[in-house]
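Got the model open in your viewer? Here is a route through it, one selection at a time.

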Amino acid sequence: MMSEELERILARLTEPDNAVIQQATAELKQAFKDPAIIPALCAVMTGSQNPQVRQSAAVMLRMRVRKHWKKISPDHRERFFYLFLFLRHTVRHSLSQLCAVLVKHETPDRWPALLALLNQSTKSNNPQDRQVGLLLLSKVVGSNPEPFKPHYKQLLQLFGTVLLDLNNPTALYYCILTLTAITAYTGTEEMNLMRSLIPKLLIALKHLIQADQDQASEAMEVFDELMESEVSIVVPHIAEIVRFCLEISADVSLSDSLRVKALSCIAVLIRLKSKAVLKHKLLQPILQVVFPILSAAPPPGEEDPEDEENDTEGDSENPKHFAVQVIDTMALHMPPEKLFNQLLPFTQACLSSENPYERKGGLMCMAVLAEGCADHIRTKMLSSMLQTVCRSLSDNNQVVRSAALFALGQFSEHLQPDVSKFHAELMPLLHGYLSAVNQTKIGHMTKAFYALENFLENLGPEIEPYLPTLMETMLSALNNAENLKLKELAVSAIGAIANAAKEMLVPYFPPIIESLKGFLTDTSEEMRTLQTQALDTLSVLARTVGKEVFSPLAAECVQLGLNLTDAVDDPDLRRCTYSLFSAVSDVSPDCLAPHLPPITTVMLLSLRSTEGVTVSVDFSIRSSFVLLDDDDAEGEEGDVDLDEESETEVDDRDVAGFSVENAYIDEKEDACDALGEIAFNTGVAFQPFLESSFQQVYELHDVTSSLNVKGLVFNYLESFDQLLHISLYISPALHKLLQVVLPCFLEAVRQDRERQVVMGILESMNAVIKSCQGEALQAPGIVAEISNAIKDVLKKKTVCQDVGGDEADDDEQQAEYDAMLQEFAGEGIPVLASALPAETFYPHLNDLLPLIMTFPWLLSTVFVAGGRAVAGRLSNRLLPVLVAGVRDSDAEVRNNSVFALGALAQAAGPIVASDYPVMLSLFSNLLSKESDPRVIDNLCAALCRMIMSHIEGVPLEQVTSIFIFKEWFNTKIKICWKLTHSQAIQDCFCFFLHNTF
């Protein structure tokens, strides 16, 4: 029988003798020409006593069937699936993967045998059969979930039963994998069934953790899928899910990967449903678990990854890192008042502890609060927090000092400009610290330079008294340090100094350039990172020291960049050359213009390149049996390779995922950013490259969506703005670009999950409309679409805003980033008002008005942008609202309302003359009792605008005697002048003096 002969051949393939293997291979090739090979392989799989032979037969069958599926008779196909029940585990696994591939090409409804097998095995009384059926189900559904949609309700009912089979952890595992696969495809009709599974799912996961932590960690991805696809499914069970994750996170006996998965799940829930977390009073329990994790000491003899001397800059996948990330997410997504009320006791306890790792934990917590709670810290806590950090810089433990440096760097990045006001205290401390650090401790030196750079970057003119000492330190490091990393840190710091000092750095420019030249021309591998940093700093110098100083070097810089892109294949080096090109285009565009063909070519190649994209292949699906790929090299008539549409070497059905190295993403970011700036600076010279550049930049939208690379989104949006600006010179190109860009923006505003991305999109959309004015709004219906998008953001109805579900309430407190998002959207209203005729914009403004009235800061900008026609139409409706706002008990409301009244008077002029007496009386009463200097400032400016806009409506003599010479001039206007130097007050005062004296 052929099966017996085939078994003997396969057995000989396992012999250690090469000659035997070669002979067996030749015989196997011959056997594969026999039509009976598939039944024979099936027989060997089920009947052989040799496990290696069974596995080889399974792999060969999979490959053979994959290529010749169309030629297999229906009888053999059905028998093929029923064999699955009788195979041992390893063979079942291999065959189930083949089924998964076939399901991609043949819908399950065309395989009644497959569906019957799944139904029979998953409901079997035999636990082993259920395992087998669920294994097959997970593979075939996971490979192509959508064709199974008609069976989702049946599957969910099955899962409800399987999740109760707590003594069969393997069945639980395959069941949860299948549930994960279908989650993104479920609809509203399956929602209730999905919700009912959550409690059973939590219990099943607890049992799976006891049986196999690796499988449990993979199975927990079901929560990621549920939250990202349809978070409303988990909202009713959010308290149970959080407590489950906290239990895992706190258990130090569990694996790091499992604890990380649990902490990550908590962070995602906070990001998506912070209101529900607060409503269920889960903040305190989360903090009680997270703080011991982030302040835990490492095992004896070890250090935390970030404290190791050879620490790489990538994020470490450990529970401590993710515990800090949970705090970071809270800061970004919770109202600061509610967060700090419960967080501060934990932080203060850590900071006062004798344990250095607890002190470190407190500082790390303070550091990550800076971004999300910036306004709250700046206005209420900055001084005390800075004092804590400064004290910690003198701590006797290096891990605490390192954390303090990180915190100071974060404060310097996110709490500007307020932090810079403390330069007299911080600069001597930082420079003294840097001078005292052991230079052999490069890891710690890196952290010290990080804090110094971030502080210097935003110091501006205040850097002048520190400049000689700083430059002496940096130039000494460039010339005398032996360690290349220390030189690299000094070169980077010079870039930060240049950003602050600008032309003040000119006296130091010659020695800096002399030092950089040596680094820039050395292309050896060991000098690569220093060379890259030198290029980056050279770009900063080009933008800061002044065109007259740098222009003589422009041509040499362009040639240097072109030579390096030709000679060195390194993504970091390329991205820095792109930054250099864009800097030169700003300093000397005429110098760059002749080189645009090679420069744009290399940049577009970077944007198109898939270099750095790693394909993760499931090698259990691949085979080492090359002979089966060769046996039909010439092909047979009627053969259909199920993989024939794939032209790549790796079949995309075998791909487990994609990843992209950060260096290549950074290269694309800088190429995209530089492309837009070069287009803007070189003007008409860029015209031949405009269309190809725009097309390539636009295509990055798909790349960033599939790879989830948010940083790249910001840069491509900025490039859109620049490319659109230059296209103003070319009307047909402008219209073509606008037709593509604005719909893309609007879709992303509504659908993107990340607030920062949406803020970037809104900012870019506003910039496009501001640049192009009415040209941007020619498409039918586009104004209405933009207005509706703005309305959705103001009403918190976009995907990135935490709305919906049972947790919705009327609490006015919100996270700072949520308020910023609404501000970005609101800024689009005056932009539209200034771009459109009043009669065109008014219907849309009228629709937005109820929302605008809840944001008084918006009213003034709408008045100014819309002009007299808009202000006149709105005055009757808005005046009562603003008058009530001036009388409000909240100083912020009074301030905004007073400012808006002034803007209304300025814009409407004589149209609101009849309302001047009411406004003057209101201001007089307010001035007599107001104590907030901001309100006084805006009140004076508003009165000045009234005078300047319609002097006939103001009883000037009365106002002069009452407001100026009695109360206002003697006290208030001095305060206002000192506070803001309000242009309106100055202009009016000059006007008043001119007309009175």
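## First stop: a salt bridge between helices

Select Lys-791 and Asp-847: their side chains form a salt bridge, with 2.6 Å between the closest N and O atoms. Lys-791 sits in helix H40 (residues 782–794) and Asp-847 in helix H43 (residues 838–852), so this pair ties together parts of the chain that lie 56 residues apart in sequence. Keep in mind as you go that this is a predicted model.

Buried or exposed: which is Lys-791? Lys-791 counts as buried, at 17% relative accessibility. Its partner Asp-847 comes out as partly exposed, at 43%.

While you have charged side chains on display, add Glu-228, Arg-271, Arg-753 and Glu-754, which salt bridges with shared partners join into one network. In total, the structure holds 23 salt bridges.

## Two salt bridges within helices

Now move to helix H31 (residues 571–587) and pick out Arg-575 and Asp-572. These two form a salt bridge, and the closest N and O atoms are 3.3 Å apart. Arg-575 and Asp-572 are three residues apart in the helix, which means about one helical turn separates them. Arg-575 is buried at 19% relative accessibility, just inside the cut-off because buried means under 20%. Asp-572, at 26%, counts as partly exposed.

Then jump to helix H26 (residues 484–501). Here Glu-488 and Lys-485 meet through their side chains in a salt bridge, N to O at 3.6 Å. Again the partners are three residues apart, so they are separated by about one helical turn of H26. Glu-488 is buried, with a relative accessible area of 16%, whereas Lys-485 is partly exposed at 26%. As background, side chains of opposite charge can pair when their charged atoms come close.

## Stay on H26: Ala-496

Without leaving helix H26, select Ala-496. At 2% relative accessibility, Ala-496 counts as buried. What does Ala-496 touch, not counting residues up to four places away in sequence? Show Glu-453, Leu-456 and Glu-457, and you have those contacts on screen. For a distance label, try the C-alpha atoms of Ala-496 and Asn-458: they are separated by 8.4 Å, with the two positions 38 residues apart along the chain.

## Into the nonpolar cores

Next, colour Phe-223, Ile-286, Ile-327, Met-330 and Ile-497. They belong to the largest nonpolar core, which has 204 residues, and they touch the most other members. Which helix gives the most to this core? That is H15 (residues 256–279), with 14 residues.

Zoom in on Ile-286 for a closer look at the packing. Setting aside residues up to four places away in sequence, Ile-286 touches Val-242, Leu-246, Ile-266, Ile-270, Val-277, Val-326 and Met-330. Apart from this core lies another, of 48 residues; Phe-694, Ile-761, Leu-777 and Leu-874 are among them. In soluble globular proteins, nonpolar side chains tend to be buried together.

## A short detour to Ser-217

Select helix H12 (residues 213–219) and find Ser-217 in it. Ser-217 is buried, with a relative accessible area of 9%. Beyond its neighbours within four places in sequence, Ser-217 is in contact with Ser-257, Leu-258 and Lys-261.

## The HEAT repeat in the record

Now highlight residues 878–916, which UniProt lists as "repeat: HEAT" in an unreviewed entry. In the model, this stretch is 72% helix and 0% strand, and its end C-alpha atoms are 14 Å apart.

## Zoom out

Show the whole chain in cartoon. The secondary structure comes to 49 helices and two strands. The chain has 997 residues, of which 55% count as buried. Of the contacts with a separation of 6 or more, 75% are between residues 24 or more positions apart. The chain exposes about 43,000 Å², and carbon and sulfur atoms supply 51% of that area.

## Last stop: colour by pLDDT

Finally, switch the colouring to confidence. The chain averages a pLDDT of 80, and 78% of the residues score at least 70. Select residues 705–716, where the pLDDT is below 50; this stretch has 26 contacts in the model beyond near neighbours in sequence. Residues 961–981 also have a pLDDT below 50, with 42 contacts beyond near neighbours. Where pLDDT is low, the predicted coordinates should not be read in detail.

Conventions
Residues are numbered from 1 along each chain as its sequence is written. Side-chain values use heavy atoms; hydrogens and water are left out. UniProt positions are given in the numbering used here, feature names are shortened, and annotations may be inferred rather than shown by experiment. Helices (H or I, at least four residues) and strands (E, at least two) are DSSP runs, numbered from the N terminus. Buried means under 20% relative accessible area, exposed over 50%, partly exposed in between (1.4 Å probe, protein chains only). Contact means heavy atoms within 4.5 Å. A salt bridge is a side-chain nitrogen of Lys or Arg within 4 Å of a carboxyl oxygen of Asp or Glu. pLDDT is the predictor's confidence in each residue, from 0 to 100. A nonpolar core is a set of buried Ala, Val, Leu, Ile, Met, Phe, Trp, Tyr and Cys residues joined through side-chain atoms within 4.5 Å. Accessible areas come from the Shrake-Rupley method with a 1.4 Å probe; for residues, only the protein chains shown count as cover.
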